[in-house]
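Here is a quick tour of a single-chain model, written for someone who likes to know what pairs with what. Have a look at the fold before reading on.

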Amino acid sequence: MTAHPKPLLLPRLRALMILLLALVLPVALSGTAAADTGKSPRTWTVQVGSESSDQAIQGMSFLPKNIYINAGDKVTWEANAAEIHTVTFLAAGQTIESTQPFDPFSPLYISAQGGTSYDGHSYYNSGVMSNVSNSGFAEVGSYTLKFPDAGDFTYYCLVHGAAMKGTVHVRARVRTTHTPRSNTTTG
Ligand SMILES: [Cu+2]
């Protein structure tokens, strides 16, 4: 008789908004650019390896393993462990298995290969990355690549093979249709 059913919806909506904000905020804050209009290229950081403070425990991973960027953005990989790693994009048709085991004498493994802008199909390599200078290899503390074209690009560590890989997901810069809501906040 005195039907007044509206109060149910509002608190729920508010809870949903708060949840969304909680999910979106860390992503939004992880970028390097302060103002995000989606127009100026950004540089994103990926940590290469991780370790306990005494270096006894080594994490064989790229952090984050998946990164979502816009075409024209750059990614900088930073050496984050004493353990040696590489950031390596294989050539089209090349398998990680065919690169194993790691060859510590081959320039293809231990030296920088490819340019500074990723073309989507050639071989790119950082050289041997470590955050200590006595790794036995030329010291590479960071490695940066620009990604001008959209696509999903998987890369590996040549030292640890298939067990250590990551993917750079590059979205086309201009998008006017069907952009998932969760994606619009990150770029
Ligand atoms: Cu590795």
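## The β8–β9 hairpin

Let's start with one residue pair: Tyr155 has Gly166 in β9 as its bridge partner. Zoom out a little and you see strand β8, residues 151–157, running antiparallel to β9, residues 161–171, with seven bridges between them. The link from β8 to β9 is a hairpin of three residues.

## Overall layout

This is a predicted model, so which parts deserve trust comes up further down. The chain has three helices and nine strands. In sequence order, the pattern reads α-β-β-β-β-β-α-β-β-β-β-α.

Of the 187 residues in the chain, 25% count as buried. Among contacts with a separation of 6 or more, 67% are between residues 24 or more positions apart.

## The four-stranded sheet

Which strands form the open sheet, and in what order? There are four, arranged β2-β1-β4-β7, and the pairing is mixed. Because β2 (58–63) and β7 sit at the edges with a single partner strand each, one side of each has no neighbour in the sheet. From one strand to the next, the twist averages 15 degrees.

Within this sheet, β4 and β7 run antiparallel and are joined by five bridges. One residue pair to look up there is Thr76 and its bridge partner in β7, Thr144. As background, strands of a sheet pair through backbone hydrogen bonds, either parallel or antiparallel.

## The nonpolar core

The largest nonpolar core has 31 residues. Those with the most contacts inside it are Val46, Val48, Ile69, Val75, Trp77, Met129 and Phe147. At least two core residues come from each of β1 (43–51), β3 (66–70), β4 (74–79), α2 (107–110), β7 (142–146), β8 and β9.

Val75 is a handy place to centre your view. Leaving out residues up to four places away in sequence, Val75 touches Trp44, Val46, Ile67, Ile69, Thr144, Leu145, Phe147 and Val168.

## Where to be careful

How confident is the predictor across the chain? The mean pLDDT is 83, and 73% of the residues reach 70 or more. Residues 5–10 have pLDDT below 50, and this stretch makes zero contacts in the model beyond near neighbours in sequence. Residues 16–36 also fall below 50, though that stretch has ten contacts beyond near neighbours in sequence.

Where pLDDT is low, the predicted coordinates should not be read in detail.

Key:
Residues are numbered from 1 along each chain as its sequence is written. This is a predicted model: local features need pLDDT of at least 70, side-chain atom pairs count only at pLDDT 80 or more; totals for chains, interfaces and linings use all residues. A residue is buried if 20 or more other C-beta atoms lie within 10 Å of its own, exposed if 12 or fewer, and partly exposed in between; C-beta atoms are placed from the backbone. Two residues are in contact if their C-beta atoms, placed from the backbone, lie within 7 Å. Two strands pair if DSSP finds at least two bridges between them. pLDDT is the predictor's confidence in each residue, from 0 to 100. A nonpolar core is a set of buried Ala, Val, Leu, Ile, Met, Phe, Trp, Tyr and Cys residues joined through C-beta atoms within 7 Å. Axes are lines fitted to C-alpha atoms, for helices over the stretch in contact, and angles run from 0 to 180 degrees between N-to-C directions.
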